[in-house]
Number of protein chains: 2
Amino acid sequence: MTCRVRFLPDDVEVEVERGETILRAAERAGVYVNSICGGEGLCGKCRVIVKEGDVRSRPTALLSREEIRKGYCLACLTEVLSDLVVEVPVESRLEGRPVLVGEEAVRFGRISPKLVPYKHDPLSKKVFLELPPPSLEDNLSDLDRIYRGLAGKGYSYPVMQTGLFNLKRLARLLRESDWKVTVTLGRRGGTVELVQFEPGDTSGDNYGVAVDIGTTTIAAHLVDLNTGRTLGTQARYNSQIKYGEDVISRIIYADNEEDGLAKLHGSVVKDINDLIGALVEEADVHLHDVTYLMCAGNTTMIHFLLEMDPSNIRREPYIPTANSVPVIRAAEVGIAINGRGLLGCVPGVGSYVGGDITAGILASGMHRREELSLYIDMGTNGEVVLGNKDWLICCSASAGPAFEGGGIRCGMRATEGAIEKMVITEDGRAIWKVIGKGKPRGICGSGLIDAVAEMLKAGVINRSGKIERDGRWNVREGEDGYEVVLVPAEETGTGRDIVITEADLATFIRSKGAIYAAANTLMSHLGFSFEDLDTVYISGGFGNYLDVQNAILIGLLPDLPPGKFKFIGNGSITGAEMCLLSEEALGEVEELARKMTYFELSTDPKFMDEFSLALFLPHTNLEKFPSAVALLERRR
Amino acid sequence: MTCRVRFLPDDVEVEVERGETILRAAERAGVYVNSICGGEGLCGKCRVIVKEGDVRSRPTALLSREEIRKGYCLACLTEVLSDLVVEVPVESRLEGRPVLVGEEAVRFGRISPKLVPYKHDPLSKKVFLELPPPSLEDNLSDLDRIYRGLAGKGYSYPVMQTGLFNLKRLARLLRESDWKVTVTLGRRGGTVELVQFEPGDTSGDNYGVAVDIGTTTIAAHLVDLNTGRTLGTQARYNSQIKYGEDVISRIIYADNEEDGLAKLHGSVVKDINDLIGALVEEADVHLHDVTYLMCAGNTTMIHFLLEMDPSNIRREPYIPTANSVPVIRAAEVGIAINGRGLLGCVPGVGSYVGGDITAGILASGMHRREELSLYIDMGTNGEVVLGNKDWLICCSASAGPAFEGGGIRCGMRATEGAIEKMVITEDGRAIWKVIGKGKPRGICGSGLIDAVAEMLKAGVINRSGKIERDGRWNVREGEDGYEVVLVPAEETGTGRDIVITEADLATFIRSKGAIYAAANTLMSHLGFSFEDLDTVYISGGFGNYLDVQNAILIGLLPDLPPGKFKFIGNGSITGAEMCLLSEEALGEVEELARKMTYFELSTDPKFMDEFSLALFLPHTNLEKFPSAVALLERRR
């Protein structure tokens, strides 16, 4: 028996088998419903309201009695028994357009200054040739004439290749264009391919796209390959989120669901095509003139992009199919640029250290410096790289989605309506800054760091992350235990209080503890302490709002002078763009990927100890955080 | 209006539009009818007999009144006006099976000794790897594990690549095969491709096919790439003959007919597939285990194979699309070997000096010798190469199809029923040897050389190629002028006299004159005389029967001691096989192709002079042929 499910406010209807979950129905209908745990009933994010019809819900502690009475249920735990009308409330929706524009596009896709200059030598070049027509005395073949023309302009490489597709058309093309043609040369591994031949001089129009495929956000830059100028930036959420919010749940989806891998693959391809479409439209560039796409992403994202089997990434001993993947024709995976255009990926190091990290290292330039530096990428996975020009070692710790709003009662991603900054004044008032113009709907990672730090300073919570039960501030006992009301319902965009619960605090402390412990374990594994660091590079969309003092205060970052921290923005896309524009940069990132060693934390007993010690604010061991201690003492 | 045309003796029927030619109808019906000129009414080979129905024939001088009365017409000049019954007489048919077997396969496909030994290092190698399963301590990616395994066995190359197809399947394949896999490595230009991964150890089964794509005959060898042994040989006529017997008429067909190029392409692909099918069946080898195909052919044949536009090959200044074509996947052009198997072509030098010649030079080894050598390939085009280890220069002259039976009244290819040897005894009796067991049906090139030489010695013809009108021997006046009856009708398989006409002699003398003049012009262009030659290599199916003394006597070959001539059989396929078995040999043929310069004869006034001088038997200038003169004087 099939049932019709109508989703509000989108007013989209879908037919599903009776017994299907509402979450699956929403997926089929193309309606976005938040879900972090991938449908396992653990995250409590897929809250929906059943307005009409019969359902059967499995019990959950993630909803209050009051909410259940109002018709709230978790979409993943609720089966459709009849035709339904289901409302997806604002807090469960992906607000706004899928493609971020304006301020957000700038935030996620923004152009960072390239810290290291490389020779301008793009991976795709268009060379205009005015060839002498053949004669009996000069009777080179058409292809050799092209090669001679290229060599005459200084374009000669040890291995040059071209495909049958081009050769079949070459004779006619040369003669119809009166021997004036433009050759597109594309770097393909250790070879250079004659990608296409065009009549006349089209060398002025040659574009590339750099893409950062993040687990949560995909950003893309359109680059003029002739000038190196960035012509536009776009970003959007990764639509794969509907299959699971972190890489592990998506790999499980790919493993267990029919056509799971194909769906994840199709999803990221569509996202990238949408971004490219928006970029070329905005810049008034022909898709045909986009000849190279350079992607950086974590290893799982690259597996999805190329539809490679990701299942062993999540199984010990965590082995990807490849860290360095071949350059392919973009059309092979369905990416719509020039039909012969190439697609390359920045090489990664291992299952949990991908090309996004090596690209970020390239962008930071730490691999060229004498001095010791630390690189921290703050995402759902926290990656940490330590090293200098002679060596690089990296590790990865599952920080969880807290910094992106996951696993936190009122958490949300850094999008419209999110509290991104917060201060609690000396007289006990909370002042917040919201992304966009509306009322607050929740709190994002940077806001959460501020909120926790401010509550700690104000004495609302203690160093264990427990809420002080002395009736101070807006503390109350909720269904989950004690909670702090940051914003009362009448001031929010959802009509619900924005609160932080003790459970939220515990989750958050585990996240920050994981990153700090990862960095600390890596340092001491190699016999260093944080004081030995010359610079700490911080990468991520996150990094743009991070209040370093607060991040130190809660023990997310080590207690070093603020001047030692450098925010490099989205290091992944900056590095990908540098590769696109310079073979030298690509060579360097390949070399640093080979050089970088991976240190597996999950099986290291020292990491578990460090992690336990880091589950306090800022840390169990206060000597490590003298400035934090001083600050807290000043406030008391 | 459509008409039905029934062809005898095949008893095949086809429907065609009224007004279509019988030749086109035969082509549609898949019935082979001889045609050298490609349907222009010039060669007179497409003789058919209309048994029933109405036709309209354009006038021709190529049929006798008697023949016209009997219903003979030229298929290319005759339009279908009603339903027809058409007989294809025996002299117009391609006798026997399309695939040559037994003696003929040996003749065309025979294994020649490799004159130069090269290191056994085939273009495709299968390497069995027993990989250590990954662990946390040894967590290379699947692909890097393969690379390490290959390097451990000594297989490491500067540029190694693999395709997405393989990567998508790699993770599962490695685990399901318990980390025991066989990798096929294929040389692809300057790179090595990981062509396929197979579970378990399949390294014992790795085969290649070498193919010589001749204008008239296609030969193929199946080679065990592990041992270098030739497992089988096959040959068949090039089915493209039905579109024209020489390269120029086929290029015209490709240019002028709808889908002409596609048809020529499909034809050669089908022929090669048929040969490969026969080879693997005979040797009990799986098609899947054939991983590399190495082709040698003249430049036009390679254009047809790859479906590259050949039209500029026949137009001054005679420019091919490419002399050195990329290695492709055989499946890209429809060749059925392993679906990932590769196809390479021996590089050529120019429009009229192809990879068949460079392969032949490789096989001869003349490019490695100090001494000066001449290489003569006797085909429809006569190619001549002069040089030594320091330099090579080649030229090409259109010899016409006389050596293959074309343009000669009773000429035929060296197939069943052809007179291949002939002697005229002192007492005036003709003794001949026929290929196969039947009665003679015509005369092939080697028989023609013998016949002309013997008639010259016997005084039946004079040095101008004119038939002596003194009533000697079996001389009579025919419709075309004087003719010599070699075999009277009652002794032939066709019921018609086998004759040689004065027109035939003129055609033949032009052919032999072209080859001699080409060789002589090339020699003197470089300041050499034939006496400077250490060795003359002769290549071609032709070469197997060539009577050197007779060839000298008529002035086809220079008058040198017979010991200086070396027959190397089919140099093209021998060279292709050498390349297949040795990267070193391929490297050498690439180098010699680059090194070889082309000397264009068609515009050289000296060649025309030399050609005129060579239009006598043996030559205008008798001092050049002292042994021939001595022999002729002895006979008188």
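This report walks through how the two chains of a predicted model fit together, and then looks at a few helices and loops.

Some bookkeeping: residues are numbered from 1 along each chain as its sequence is written, while chains are lettered from A and ligands numbered from 1 in the order in which they are written. Since this is a predicted model, local features need pLDDT of at least 70 and side-chain atom pairs count only at pLDDT 80 or more, whereas totals for chains, interfaces and linings use all residues.

**How the chains pair up**

Let's begin with symmetry. In general, two copies of a chain are related by a rotation about an axis and a shift along it. Here, chain A lands on chain B after a rotation of 180° with 0.0 Å of shift along the axis, at an RMSD of 0.2 Å (superposed by least squares on the C-alpha atoms of residues with pLDDT of at least 70 in both copies). That is the relation of a two-fold axis. In chain A, Thr191(A) has the C-alpha nearest the axis, 4.0 Å from it. Both copies use the same surface, and 100% of the contact residues of chain A recur in chain B.

How many residues does each chain put into the contact? Chain A supplies 43 residues and chain B supplies 43 residues, where a contact means that two C-beta atoms, placed from the backbone, lie within 7 Å. On the side of chain A that touches chain B, the elements giving two or more residues are helix 4 (142-152) and helix 5 (164-176) of chain A. Helix 5 of chain A gives the most, with 6 residues. (Helices are DSSP runs of H or I with at least four residues, strands are runs of E with at least two, and both are numbered from the N terminus.) By class, this side of chain A has 19 nonpolar, 15 polar and 9 charged residues; Ala, Val, Leu, Ile, Met, Phe, Trp, Tyr, Cys and Pro count as nonpolar, Asp, Glu, Lys and Arg as charged, and the others, Gly among them, as polar.

**Domains of chain A**

Chain A is divided into domain 1 (2-92), domain 2 (101-116 + 205-345), domain 3 (124-199), domain 4 (355-399 + 529-614) and domain 5 (402-508), with bounds from an automatic or database domain assignment. Taken over C-alpha atoms, the centres of domain 1 and domain 4 of chain A are 40 Å apart.

**Two helices side by side**

The expected span in the table is 1.5 Å times one less than the number of residues in the helix.

| Helix | Residues | First to last C-alpha | Expected span |
|---|---|---|---|
| Helix 5 of chain B (164-176) | 13 residues | 19 Å | 18 Å |
| Helix 7 of chain A (260-283) | 24 residues | 35 Å | 34 Å |

Helix 5 of chain B has a kink of about 50° centred on Leu170(B), the bend being the angle between axes fitted to the seven residues ending there and the seven starting there. Leu170(B) is also buried, as are Asn166(B), Leu167(B), Ala171(B) and Leu174(B) in that helix. (Buried means 20 or more other C-beta atoms within 10 Å of the residue's own, exposed means 12 or fewer, and partly exposed is in between, with C-beta atoms placed from the backbone.) The cover over these buried residues includes helix 8 (299-306) of chain A, along with helix 4, strand 10, strand 11 and strand 12 of chain B.

In helix 7 of chain A, the buried residues include Leu261(A), His265(A), Asp271(A) and Val280(A). Among the elements covering the buried residues of this helix are strand 13, strand 14, helix 6 and helix 8 of chain A. Asp284(A) follows helix 7 of chain A with a positive phi, near 55°.

**Loops worth a look**

Asp178(B) is not a glycine, yet has a positive phi of about 55°. Asp178(B) sits in the loop between helix 5 and strand 11 of chain B, and counts as exposed because it has 12 C-beta neighbours inside 10 Å. Asp259(B) has a positive phi of about 55° too, and lies in the loop between helix 6 and helix 7 of chain B. With 10 C-beta neighbours inside 10 Å, Asp259(B) counts as exposed.

There are cis peptide bonds as well. One runs from Glu316(A) to Pro317(A), with omega near 5°, and Pro317(A) is in the loop between helix 8 and strand 17 of chain A. Another joins Leu8(B) and Pro9(B), with omega about 5°.
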